[in-house]
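Reader: Could you take me through the spot where the ligand sits, and what surrounds it? I'd like one connected walk through that part.

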Amino acid sequence: MMEKQWWKREIAYQIYPKSFKDSNHDGIGDIRGIIEKLDYLEDLGVTLLWLCPIYKSPMDDNGYDISDYYDINPEFGTMKDLDELIEKAKAKGIKIIMDLVINHSSDEHAWFKEALKDSNSPYHNYYIFKPSVNGKEPNNWRSVFGGSVWQKVEGRDEYYFHSFSKKQPDLNWENPKLRQELYKMINWWLEKGIAGFRVDAINFIKKDQRYLDGPVDGQDGLSACFAYARNQPGIEVFFDELKRETFAEYDCMTVAEAVGVKYSDLGIFIGKQGCFSMMFDFNYCNFDISEDEEWFRRQNWTIKQFKELLFTSQREVQKLGWIASFLENHDQPRAINKFILDKKDHSYYSQTMLAGMFFNLRGTPFIYQGEEIGMENFERTSIDEFDDIGSHGQYQRALAEGFSKDEAMHFLNLRSRDNTRTPMQWDNSEYGGFSDQQPWIKMTGSQDTINVASQIHDPHSIYHFYKQMISIRKQEDTLIYGDFKELETNDEVIGYKRLYQGEEIICLCNFTNKIQDIPDIKGHILLDNYNNYQDKTLKPYQFVMIKSL
Ligand code: NOJ
């Protein structure tokens, strides 16, 4: 029996506050900018906003390095602004979820400062410190952004552990006192009236306690930390307690960000007793790069292979829980550039086909800002044009592995996280209506042609296609609660059904610029990006959604 929790009906929209709308003329997006755009979000039809971190932070990793969990970073505004946003959004039927970053804090957090000052302080045990081994780092693990996971503590024979940047020391989840501090903070936010959290890098909270060296897998002599610091056995004990002490006490929604989770481990995340309402599944999203997530290890792929990854994800999740489906986020490039390599084929049709493909899957859809107007990647020529700490790390990794600067730049243009962090393009002015000042990060350069103002009154726009999809979803329970079933089609067509209480809705997506034959399906056309569907064929990049009779 399908449970009808409220969060299954939500239409989520992810905001990267730094790049959404600048209200105070400093080139940086802010909370008041989001308030200004609430009418826009309401018009689009979204019902829930995920805000990327706006807490106090030195912004080494753009807010994923928090120095005070109870405060707002001044560049985004104040707690009063946030309260106003929550209230005004609520009046429009829009809920807010915050980013919850509890695998690590900033090295500028008061706890860490205390830990550094005094190794006898109780805060020392809030983080992971180890003595040197033979005068060197305690082991050879590589951090996610490159370089060792260990950073030497000045003046002491010890190192601290960081899965991400050295300004993001990992919190020591083995310490019950630290865990209680985090639960207190989580409950404080839930009491405030937010609808829940997107939970950052939560599969990193358990480390292999042996801290043994791994096999060297790169020219830097290091070993990717993933096998020891992510998805480790025993993590479910932390998950159980986290849920019991916080989420379970509220009618909230949580979505776990967890890369590299095996399907056999889904239960601890989203099973009946699992910790979270839903999760993002990256198994079908990082198809263009190797499993170790190094951007320079490009991987060839076909539509058929992608389809298999996507369908496997839907099948596996359906066995036990719920998922958050997405095309883009602030760590991924723009979807059109990832899926359709030939720029000649980037069009209203290919954009809306991709949108239809992901939006109608079984799960709560998440739209990333700018996706609804078809924003695309940029093309940068120098490493100096990149802000993202991950891009700098990957550039160095590529050079160390023997690639030329041009090759390294090519990998960044394809994969850099900055691709989706460029300012939202509201109109065709110099800074895209995002700000009247030079933005903190360079624009894509396409704001002349891709912007909200030019689409909002055009019924034949990507924006309107999203709006239509959203409104159809709100009317069709089958698209929310319906089971997923794959449809047999040509290799380069993705087809699936949603089934609910005897009703069937069928989605068909042509991933090519050629006409494709499809099965004969009779019914009422709910949505068609060409508006002239003819039986048994799909035009280039056509998407149709048919309610069968
Ligand atoms: C995942 C976040 O989405 C990403 O932006 C961040 O760099 C890492 N976690 C570390 O917090």
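Author: Let's fix one cut-off before anything else: a residue counts as near the ligand if one of its heavy atoms lies within 4 Å of it. Keep in mind, too, that this is a predicted model.

With that cut-off, the residues around the ligand are Asp61, Tyr64, His104, Phe145, Phe164, Arg198, Asp200, Glu257, His330, Asp331, Arg417 and Arg421. Sort that shell by class and you get seven charged residues, two polar ones and three nonpolar ones.

Now for some polar pairs. Asp61 puts a polar side-chain atom 2.5 Å from an oxygen atom of the ligand. For His104, an N or O atom of the side chain is 3.0 Å from a ligand oxygen. Arg198 also has a side-chain N or O atom by a ligand oxygen, at 2.9 Å. As for cover, the ligand would expose 290 Å² if taken alone, and the protein buries 97% of that.

So much for the shell; next comes the space itself. Rolling a probe the size of a water molecule over the atoms shows where empty space is left. Here the count comes to six cavities of 30 Å³ or more, and the space taken by the ligand is the largest cavity. Its volume is about 640 Å³.

What lines that space? The largest cavity has 38 lining residues, and those nearest its centre are Val144, Phe145, Phe164, Glu293 and Arg417. Phe145, Phe164 and Arg417 also turn up among the residues around the ligand. By class, the lining of the largest cavity holds 14 charged, 13 nonpolar and 11 polar residues. Helix 12, which covers residues 389–400, gives the most to this lining, with three residues.

For contrast, have a look at the runner-up. The second largest cavity has a volume of about 80 Å³. Its lining is made up of Tyr284, Cys285, Phe287, Phe306, Leu310, Phe326, Leu327, Lys338, Phe339, Met357, Phe358 and Leu361. Helix 9 (303–320), helix 10 (335–339) and helix 11 (348–359) are the elements that give two or more residues to that lining. By class, the lining of the second largest cavity has 11 nonpolar residues, one charged and no polar. Set beside that, the ligand's own shell has seven charged residues and three nonpolar ones.

How values were computed: Residues are numbered from 1 along each chain as its sequence is written. This is a predicted model: local features need pLDDT of at least 70, side-chain atom pairs count only at pLDDT 80 or more; totals for chains, interfaces and linings use all residues. Side-chain values use heavy atoms; hydrogens and water are left out. On a 1 Å grid over the protein atoms alone, a cavity is a set of points where a 1.4 Å probe fits but cannot get out, and a pocket is an open set with protein on both sides within 12 Å along at least five of seven lines; lining residues have an atom within 4 Å of a point. Grid points are joined across faces, edges and corners, and a volume is the space filled by probe spheres set on the points. Helices (H or I, at least four residues) and strands (E, at least two) are DSSP runs, numbered from the N terminus. Ala, Val, Leu, Ile, Met, Phe, Trp, Tyr, Cys and Pro count as nonpolar, Asp, Glu, Lys and Arg as charged, and the others, Gly among them, as polar. A polar contact is a pair of N or O atoms within 3.5 Å; within protein, one must be able to donate a hydrogen and the other to accept it, and residues adjacent in sequence count only if both atoms are side-chain atoms. Accessible areas come from the Shrake-Rupley method with a 1.4 Å probe; for residues, only the protein chains shown count as cover. A molecule sits in a cavity or pocket if more than half of its atoms lie within 2 Å of its grid points.
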